[in-house]
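User: I want to check the labels on this model one by one. For each, give me the value, the cut-off and the conclusion.

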Amino acid sequence: MLRAASSRAPLSYACRAAKIHQCAPARNHVSASSSTRLRLLPSGCRLVENGVRGNFKGWNTRRRFATIASPITIHDVSRDSIEVVLPSGARPRLSSEWLRDHCQCSGCIDYSTYQRKDQAEAWMAASGAPAIASATIASQHASLPVSDESGVLVVEWADGNVHGHVGPSVYGLTWLQRVLQPTRDTASDVYTRRVWTSESMTSSLPEATFAYTEVVTSNERLLQCLESIRDFGFALVESTPLTDEATHVLCSRIAFFRRTVYADGLWKVEVKPMQSASGSADEGDYSTADTAYSSLPLHAHTDCTYFEDPPGLQVFHCHASDPAGGGQSLLVDGYRVAHDLRANAPHTYEYWRRTPVAFHFTDASNQYIQHKPVIQTLAQDESVVAAFRFNKYDRAPVAMSPDEAAVFYRHLKVLLSAIRAPAGELWLSLTPGTTLIFNNHRVLHGRSGFSVRSPRKFSGGYISMEDYHNRIRVLCSQRKSGVTSD
Ligand SMILES: [Zn+2]
């Protein structure tokens with residue numbers, strides 16, 4: 001049964017919520033559907049309504065006005081929801097359950113950690129949704145321990161005892177606007193990605209190239225480097241000192257190395273000769289615990305396809321190379337591969353988007369295996385490619401019927417052809433001091449074969465995607481707020 005909110009709301013609270021009277025309050029009767037919220041009072045103050053209070057049968061409503069510049073106004077209040085108006089003009093309707101769940105008062109949020117306090121089961125145990133008694137916009141409220149210059153939405157509950165909430169629920173309007181109208185995630189490449197071919201990327205390479213000293217001393221240049229990785233899928237850092245420490249210094253500007261079965265942080269890639277029975281090291285006779293440690297060419301692939309969460313960023317710091325001896329580095333934009341498939345072979349695109357492929361890494365000590373699609377799209381928008389996972393060397397054996405095999409190999413042939421399309425292959429001759437950092441969830445990498453006598457040596461490491469995303473978000477926030485310290 002509905003009860004008049006005013007009969008339950010303590011007057012002292014109403015006064016606290018409305019301690020913003022700079023001008024004489026206006027009193028009007030309004031209906032539940034009234035949308036008028038901004039008034040120009042004779043004083044010339046542009047005022048925002050801060051009070052909608054009344055019972056829901058008669059809607060005898062008392063209104064208050066304040067001088068706060070509220071970015072959000074209340075459009076409609078009912079027992080089970082509140083419709084608000086955002087600066088964009090959008091009018092989201094917030095259910096009472098959502099409001100109860102998102103209360104920002106100090107009884108619901110632990111402000112030392114910004115974690116929720118454990119309340120959900122308690123209020124959801126009550127039968128029926130929480131009932132709203134009234135909604136008000138105030139300049140501030142004692143139940144909200146953090147200040148919000150935009151004001152506070154104050155919701156009085158008709159059945160607070162039943163739903164376990166003492167006093168009103170409060171929501172800072174800046175916080176509410178951010179939740180209801182989220183800005184773009186600065187770590188996401190959805191809106192900024194630049195899908196490339198060899199030709200287009202070659203002309204864009206200066207944009208993706210940075211100097212070591214700049215990246216390690218300037219947060220702005222570091223951010224630009226991370227934005228290049230976000231948008232192109234990679235960045236090149238030139239003039240990196242030829243030491244493992246420099247690799248560490250550069251990577252630690254982004255995040256810490258991810259530990260994997262291959263290395264406890266920094267790894268090194270160089271040809272490792274195996275002594276033959278005769279004691280000599282012959283070409284082609286090398287340790288091949290992984291093909292990467294041989295001198296063989298490597299077709300474009302992503303790393304660690306057999307992990308649930310393959311490393312996000314991969315770092316290659318070139319210490320020694322001899323372009324004449326081969327060993328050029330290859331990059332292929334996995335987004336471009338997916339886009340080409342979608343445009344030219346849509347059945348193949350759908351097949352690799354929907355079909356889990358088995359990848360494995362197996363040796364005497366390890367049995368990693370994953371079944372994942374090659375093309376991953378965003379859960380919230382299936383038209384957006386979010387990740388590419390493919391390594392033909394690491395495909396695991398799987399049983400197939402003749403019919404399944406016919407389909408699989410037909411699509412595999414098209415996939416391999418798209419990956420190996422010469423127009424998409426960006427070949428780079430990395431020279432000593434160049435560090436290549438790339439998104440292993442997007443960019444496939446490989447290399448040409450090289451002479452085993454070629455002094456080819458790299459160090460590098462993996463960085464988890466969430467740590468990279470965390471870093472770019474923080475740096476974007478600092479740039480936005482004008483923080484310039486490096
Ligand atoms: Zn609360």
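User: Where is H339, and what makes it partly exposed?

Analyst: H339 sits in helix α9 of this predicted model. Its relative accessible area is 26%. Buried needs under 20% and exposed needs over 50%. The value for H339 falls in between, so the label is partly exposed.

User: Which residues does H339 touch beyond its sequence neighbours?

Analyst: Setting aside residues within four places in sequence, H339 contacts R193, V195 and V385. Each counts as a contact because heavy atoms lie within 4.5 Å. The C-alpha atoms of H339 and V384 are 9.7 Å apart, with their positions 45 residues apart along the chain.

User: V337 is in helix α9 too. Why is V337 called buried?

Analyst: The relative accessible area of V337 is 0%. The limit for buried is under 20%. So V337 is buried. Beyond four places in sequence, V337 touches V332, F388, L415, A418 and I419. V337 and G424 are 87 residues apart along the chain, yet their C-alpha atoms are separated by 8.0 Å.

User: What makes Q370 buried, given its relative accessible area of 14%?

Analyst: The cut-off is under 20%. At 14%, Q370 meets it, therefore Q370 is buried. Q370 belongs to strand β19, residues 367–372. Among the residues it touches outside four places in sequence are T305, Y306, F307 and E308. V357, A358, F359 and R389 are also in contact with Q370.

User: Where is Y171, and how do you know whether it is buried or exposed?

Analyst: Y171 is part of strand β11. Its relative accessible area is 0%, against a limit of under 20%, so Y171 is buried. Outside four places in sequence, its contacts include L99, R100, H102, C103 and Q104. They also include G151, V152, L153, V155 and W157. Y171 and D148 lie 23 residues apart in sequence and 9.2 Å apart, C-alpha to C-alpha.

User: C103 also binds the metal. What are the donors of the zinc ion?

Analyst: The donors are C103 (SG), C105 (SG), C108 (SG) and H165 (NE2). Their distances run from 2.1 to 2.3 Å. The donor limit for this metal is within 2.8 Å, so these atoms qualify. Along the chain the spacing reads C-x1-C-x2-C-x56-H.

User: Why is the arrangement around the zinc ion called tetrahedral?

Analyst: The four donor atoms subtend angles of 103 to 117°. The label requires all angles between 85 and 135 degrees. These angles fit, so the arrangement is tetrahedral. For reference, the ideal angle for four tetrahedral donors is 109.5 degrees.

User: Which parts of the chain do C105 and H165 link?

Analyst: C105 is in the loop between α2 (96–101) and β7 (109–110). H165 is in the loop between β10 (152–157) and β11 (169–172). The two are 60 residues apart, and the pair links distant parts of the chain. Both C105 and H165 are buried.

User: Y114 and C304 are both in loops. Which is buried and which is exposed, and how do you know?

Analyst: Y114 has 56% relative accessibility, and exposed means over 50%, so Y114 is exposed. C304 has a relative accessible area of 2%, under the 20% limit, so C304 is buried. Y114 lies between β7 and β8 (115–116). C304 lies between β15 (298–301) and β16 (313–320). Phi is near 60° for Y114, a positive value in a residue other than glycine. Phi is near 55° for C304, likewise positive in a non-glycine residue.

User: What lines the second largest pocket?

Analyst: The lining has 23 residues; S188, D189, V190, L378 and H469 lie nearest the centre. α7 (219–232), β20 (375–378) and α12 (465–480) each give two or more residues. The largest share, four residues, comes from α12. By type, the lining has 10 nonpolar, seven polar and six charged residues. The space in this pocket is about 430 Å³.

User: How many helices and strands does the chain have, and what share is buried?

Analyst: There are 12 helices and 25 strands. Of the 486 residues, 51% are buried. Among contacts with a separation of 6 or more, 72% join residues 24 or more positions apart.

Conventions:
Residues are numbered from 1 along each chain as its sequence is written. This is a predicted model: local features need pLDDT of at least 70, side-chain atom pairs count only at pLDDT 80 or more; totals for chains, interfaces and linings use all residues. Side-chain values use heavy atoms; hydrogens and water are left out. On a 1 Å grid over the protein atoms alone, a cavity is a set of points where a 1.4 Å probe fits but cannot get out, and a pocket is an open set with protein on both sides within 12 Å along at least five of seven lines; lining residues have an atom within 4 Å of a point. Grid points are joined across faces, edges and corners, and a volume is the space filled by probe spheres set on the points. Ala, Val, Leu, Ile, Met, Phe, Trp, Tyr, Cys and Pro count as nonpolar, Asp, Glu, Lys and Arg as charged, and the others, Gly among them, as polar. Donors are N, O and S atoms within 2.8 Å of the metal (3.2 Å for Na, K and Ca); water is not among the atoms, so sites may look incomplete. Four donors count as tetrahedral if all angles lie between 85 and 135 degrees; four count as square planar and six as octahedral if opposite donors are over 155 degrees apart and all others between 65 and 115; anything else is irregular. Buried means under 20% relative accessible area, exposed over 50%, partly exposed in between (1.4 Å probe, protein chains only).
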